Amino acid sequence: MPGTPTIDGVLNLLGLEAAARPHLESVVHDYIAGGAADELTLAANRNAFDRLRLAPHVLVDVAQRSARTAVLGQPLAAPWLVAPTALHRMVHRDGELATARGAAAFGTTMVLSTLSTTPVEDVVRAAEGALWFQLYVYRDRGASEELIRRVEAAGVKALVVTVDAPLLGLRERDGAHPVALPSAFAAPNVRADQVIEGGDLATTFLRLVDPALSWRDLAWLRGCTRLPILLKGILRVDDATRAADEGIDGIVVSNHGGRQLDGVCASIDALGPIARAVEGRCALLMDGGVRRGTDVMKALALGADAVMLGRPILWGLAAGGAKGVHAVLGMLAAEFDLAQALCGCPDVGSISRDILAD
Ligand SMILES: Cc1cc2nc3c(=O)[nH]c(=O)nc-3n(C[C@H](O)[C@H](O)[C@H](O)COP(=O)(O)O)c2cc1C
């Protein structure tokens with residue numbers, strides 16, 4: 001893509017981790033790269049994409065192509081967003097501001113983590129108005145309500161409530177080297193009286209996040225905000241159906257990048273049945289293992305409106321700050337453009353189930 005920055009020596013998203021490695025302390029590298037327990041689901045997220053086969057249309061005029069789309073009214077230059085990930089200032093000194101600038105330069109939306117190391121108001125400005133916010137619901141519901149009101153006032157466009165993490169998954173790599181939270185980064189979206197000075201991520205998470213969150217709380221959440229609400233971390237058809245029945249605006253089919261319950265299925269394997277069950281009643285996103293333009297094509301063919309990228313963004317951030325993030329998004333865009341041409345799908349609306357081989 002003309003004008004898109006590059007990362008030296010990196011050809012594709014699978015090459016990013018090696019490029020990022022020299023820029024990261026090993027504890028931070030392991031925190032990003034790792035999954036839960038035996039990392040079976042982490043591996044499955046990639047392998048499942050590789051098992052899907054494409055069945056391209058030929059003799060379609062693909063001289064003009066567009067990757068543009070919109071999700072919940074948010075225009076996107078391409079059908080992917082930046083997944084919420086914690087603690088960007090441990091990855092690059094400019095932290096979430098750099099990520100937001102990289103995403104905005106490309107033309108997509110970043111989902112800011114509750115565990116951001118930069119105040120949401122500053123990130124909204126850097127994101128040029130295209131920011132969504134990921135919410136971990138706190139034990140202290142008053143503090144959560146305050147945070148929801150604050151992000152809405154800041155200009156955030158949607159709330160992505162993570163529902164697959166009542167407790168933090170078994171991160172054995174982090175157990176060996178706990179991810180310390182430097183007090184300089186005191187999580188600014190967490191009320192000051194709730195920050196545990198000098199604590200590690202796992203302890204802080206346990207103290208803050210409410211494992212009692214349940215379906216009953218959806219009405220409370222709805223009453224706290226006028227923003228569209230998405231639930232992130234759904235893998236079952238019955239949960240997806242219930243979310244749609246209860247009027248949730250969007251679902252993110254996700255296993256948290258293989259970082260929560262090890263042994264669950266790959267996100268892409270859960271997507272098709274969920275898409276059939278919700279039948280377009282709410283927006284449908286997926287994440288986990290998306291690394292190739294053809295992966296995006298496969299996810300859209302199975303019914304996703306868009307996908308999200310987790311680790312590749314952090315590797316790009318480490319390697320090159322805002323330009324690194326922009327470069328990652330641009331590399332995927334070049335691959336997706338080629339996949340559109342070779343699949344005979346010149347626009348996002350023309351991608352459907354029939355481009356997957358049975
Ligand atoms: C380092 C790291 C931190 C993450 N932090 C959060 C978080 O704060 N909230 C959340 O909902 N998901 C979090 N996730 C999960 C991502 O949002 C996303 O589901 C996952 O990374 C997608 O898989 P991928 O990394 O294979 O693209 C995190 C993932 C990583 C790798």
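This briefing walks through a few helices and a handful of single residues in the structure above. The model is predicted. A good place to start is helix α13, residues 311–343, which bends by about 140° at Gly-320. From there we look at the helices that pack against α13, at another helix pair, and then at some residues in loops and one in a helix.

**The bent helix, α13**

- If you drew a straight helix of 33 residues at 1.5 Å a residue, you'd expect a span of 48 Å, but α13 covers only 27 Å between its end C-alpha atoms.
- Where does α13 bend? Look at Gly-320, where the bend comes to about 140°.
- Most of α13 is tucked away: 27 of its 33 residues are buried.
- Just past the end of α13 sits Gly-344, with a positive phi of about 70°.

**α4 against α13**

- Helix α4 is made of residues 95–106, and its axis comes within 7 Å of the α13 axis, with a crossing of roughly 10°.
- Because angles under 35 degrees count as roughly parallel, α4 is roughly parallel to α13.
- On the α4 side, the contact is made by Ala-98, Thr-99, Arg-101, Gly-102, Ala-103, Ala-105 and Phe-106.
- On the α13 side, the residues making that contact include Ile-313, Leu-317, Gly-321, Ala-322, Lys-323 and Gly-324. Val-325, His-326, Leu-329 and Gly-330 of α13 take part too.
- As for handedness, the crossing of α4 and α13 is right-handed.

**α12 against α13**

- α12 packs on α13 as well, at an angle of about 60° and with the two axes 7 Å apart.
- That angle makes α12 oblique to α13.
- Here α12 brings Gly-293, Thr-294, Val-296 and Met-297 to the contact, while α13 brings Leu-332, Glu-335, Phe-336, Leu-338, Ala-339 and Cys-343.
- The crossing of α12 and α13 is right-handed.

**A closer look at Thr-294**

- Thr-294 belongs to α12, which runs over residues 293–301.
- Is Thr-294 buried or exposed? It counts as partly exposed, because it has 18 C-beta neighbours inside 10 Å.
- Once neighbours within four places in sequence are set aside, Thr-294 is in contact with Leu-54 and Ala-339.
- Thr-294 and Leu-338 are 44 residues apart along the chain, yet their C-alpha atoms are separated by 8.9 Å.

**Another helix pair, α10 and α11**

- Helix α10 takes in residues 237–245, and its axis comes within 9 Å of the α11 axis, crossing at roughly 35°.
- From α10, the contact uses Val-237, Ala-240, Thr-241 and Ala-244; from α11, it uses Pro-273, Ile-274, Ala-277 and Val-278.
- The crossing of α10 and α11 is right-handed.

**Two glutamates with a positive phi**

- As background, most residues other than glycine have a negative phi.
- Glu-39 goes the other way, with a positive phi of about 60° although it is not a glycine.
- You'll find Glu-39 in the loop between α2 (26–33) and α3 (40–51).
- Glu-39 counts as partly exposed, since it has 16 C-beta neighbours inside 10 Å.
- Glu-279 isn't a glycine either, and its phi is positive at about 45°.
- Glu-279 sits in the loop between α11 (267–278) and β9 (283–287).
- With 11 C-beta neighbours inside 10 Å, Glu-279 counts as exposed.

**Two more loop residues**

- Ala-36 is in the loop between α2 and α3.
- Ala-36 counts as buried, because 24 C-beta neighbours lie inside 10 Å.
- What does Ala-36 touch, not counting residues up to four places away in sequence? The list is Gly-169, Leu-170, Arg-171, Gly-258, Arg-259, Gln-260, Leu-261 and Asp-262.
- Leu-167 is 131 residues from Ala-36 along the chain, and their C-alpha atoms are separated by 12 Å.
- Pro-119 lies in the loop between β4 (110–112) and α5 (120–126).
- Pro-119 is partly exposed, with 15 other C-beta atoms within 10 Å.
- Beyond residues up to four places away in sequence, Pro-119 touches Pro-188 and Asn-189.
- The C-alpha atoms of Pro-119 and Glu-96 are separated by 9.0 Å, with their positions 23 residues apart along the chain.

Definitions and conventions:
Residues numbered from 1 in each chain as written. Predicted model: local features only at pLDDT ≥ 70, side-chain atom pairs only at ≥ 80, totals over all residues. Helix = DSSP H or I, 4+ residues; strand = E, 2+ residues; numbered from the N terminus. Expected span 1.5 Å × (residues − 1). Bend = angle between axes of the 7 residues up to and from the residue. Buried ≥ 20, exposed ≤ 12 C-beta atoms within 10 Å, placed from the backbone. Axes fitted to C-alpha atoms, helices over the stretch in contact; angles between N-to-C directions. Parallel < 35°, antiparallel > 145°, perpendicular 65-115°, else oblique. Left-handed = near helix turned anticlockwise from the far one by under 90°. Contact = placed C-beta atoms within 7 Å.
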